[in-house]
Structures are given as C-alpha cells and as structure tokens.
Amino acid sequence: MQRILFAIRSFFAILFTGKLPTDIAEAYGFRRPAAAPAAKAPQATASDGALQMLGILQRDARLIDFLMEDLAGYSDDQVGVAVRNVHDQARVALERYVTLAPVIDGVEGTYAKIEKGDPATVKLLGNVPVGGRAPGGVLRHRGWRAATTNLPTIAVSQNITVIAPAEIEVE
C-alpha cells in the first residue's frame, strides 16, 4: 500500500513541481548530489611576486632585454649610455612599488654591533668564529630590506610566468 501512495504522490509532485519529494527519494536510496566545493582561487606565492617585479622592471626599464643582450660587439661608451638609461628607469620602477631601507643603519667601514635576532639579516665575512657568532665587526654593506611593498594585485586570469609578452607590429 505504501508504494501506491508513493507512486501517486510522486506522479503529482513531478507533474506540478518537476521534483520528486525528498522523503520518497531517500526511501528508495536516492540522494541529492552533494554541492561541488567552490573552486579555490589560486594562492599567490613568493615566486609570483618575484616574477611580477621582474615583469615590471622589464616593462619600465627593459632590464631583461639589457641583461640578455650580448655586449661584446658594443663599445664601452655605448654600454655606458645603455646602462645609465636602464639604471634610471629601473630605479624609478623599483621606488614606485617597493620602499627600501637598510638592514643596519650605519656607516660602511665603521664598527657595527650585531643585534640578536634573525640570522638571515647579517652575513659574516672574513675570520668567522667556529660557532658562527660574533659580537660585531666592520660594516662592509648595510644590506637592504623591503620596508613596504605595493605591488598591483595579480588577476586570476593572468599568466604570471609571461614576464613580457611578445610584441608584433602589424603593418
């Protein structure tokens, strides 16, 4: 008798709503498909930011073009002019997106005390003690750290591995 009631209810439910009643579907082992999990947006990685910055330096200063060029056929004067141009444009691009600050704010060539903390901030040179620790030494390079970064957001559809697109002039 239950099957006849289920059949009548199912017939009218499908006729008027286009759907099988949930209790009847479950009674016969049918379940609604689980909702597919929402696709996760790709997470940005450190290499994405590095490639993005490299792309900016290529776009604004043609840095990769300069570095990949064979300079053997050019005179020192020609290379010097190119270097000055690339340097100026790369510096402007870098300053637009990254605020740089010294790791140690001191005068190079003077004694600097090594503060305890992150071992990646100081590279010891010369007669380094066996334990790898020293109280200080002569500051040879102040180092650089990114005080702030302000890179544009990467579009989900953007292929970050394309640092600079090919350019084709249509005539």
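The accessible surface of the protein chain in this predicted model is about 14400 Å², and carbon and sulfur atoms account for 58% of that area. Of the chain's 171 residues, 16% count as buried.

The overall dimensions depart from those of a compact globule. With 171 residues, such a globule would have a radius of gyration near 16 Å, whereas the protein chain has 32 Å. Along the principal axes, the C-alpha atoms fill a box of roughly 100 × 65 × 25 Å.

The secondary structure consists of 5 helices and 4 strands. In sequence order the pattern is α-α-α-α-α-β-β-β-β. Contacts can also be sorted by separation along the chain: among those between residues at least 6 apart in sequence, 71% join residues at least 24 apart.

Charged side chains number 18 positive and 18 negative, and the centres of these two sets lie 17 Å apart.

The largest nonpolar core has 11 residues: M53, I56, L57, A61, L63, F66, V86, A90, A93, Y97 and V98. Three helices each give two or more residues to this core; they are listed below with their residue ranges.

| Helix | Residue range |
|---|---|
| α3 | residues 46–61 |
| α4 | residues 63–68 |
| α5 | residues 76–97 |

Which residues does V86 touch, not counting those up to four places away in sequence? V86 touches A61, L63 and F66, and V86 and these three partners are among the members of the core. In soluble globular proteins, nonpolar side chains tend to be buried together.

Notes: Residues are numbered from 1 along each chain as its sequence is written. This is a predicted model: local features need pLDDT of at least 70, side-chain atom pairs count only at pLDDT 80 or more; totals for chains, interfaces and linings use all residues. Side-chain values use heavy atoms; hydrogens and water are left out. The radius of gyration is taken over C-alpha atoms; the globule rule is 2.2 Å times the number of residues to the power 0.38. Buried means under 20% relative accessible area, exposed over 50%, partly exposed in between (1.4 Å probe, protein chains only). Contact means heavy atoms within 4.5 Å. Accessible areas come from the Shrake-Rupley method with a 1.4 Å probe; for residues, only the protein chains shown count as cover. Lys and Arg count as positive and Asp and Glu as negative; His and the chain ends are not counted. The place of a charge is taken as NZ of Lys, CZ of Arg, CG of Asp or CD of Glu. A nonpolar core is a set of buried Ala, Val, Leu, Ile, Met, Phe, Trp, Tyr and Cys residues joined through side-chain atoms within 4.5 Å.
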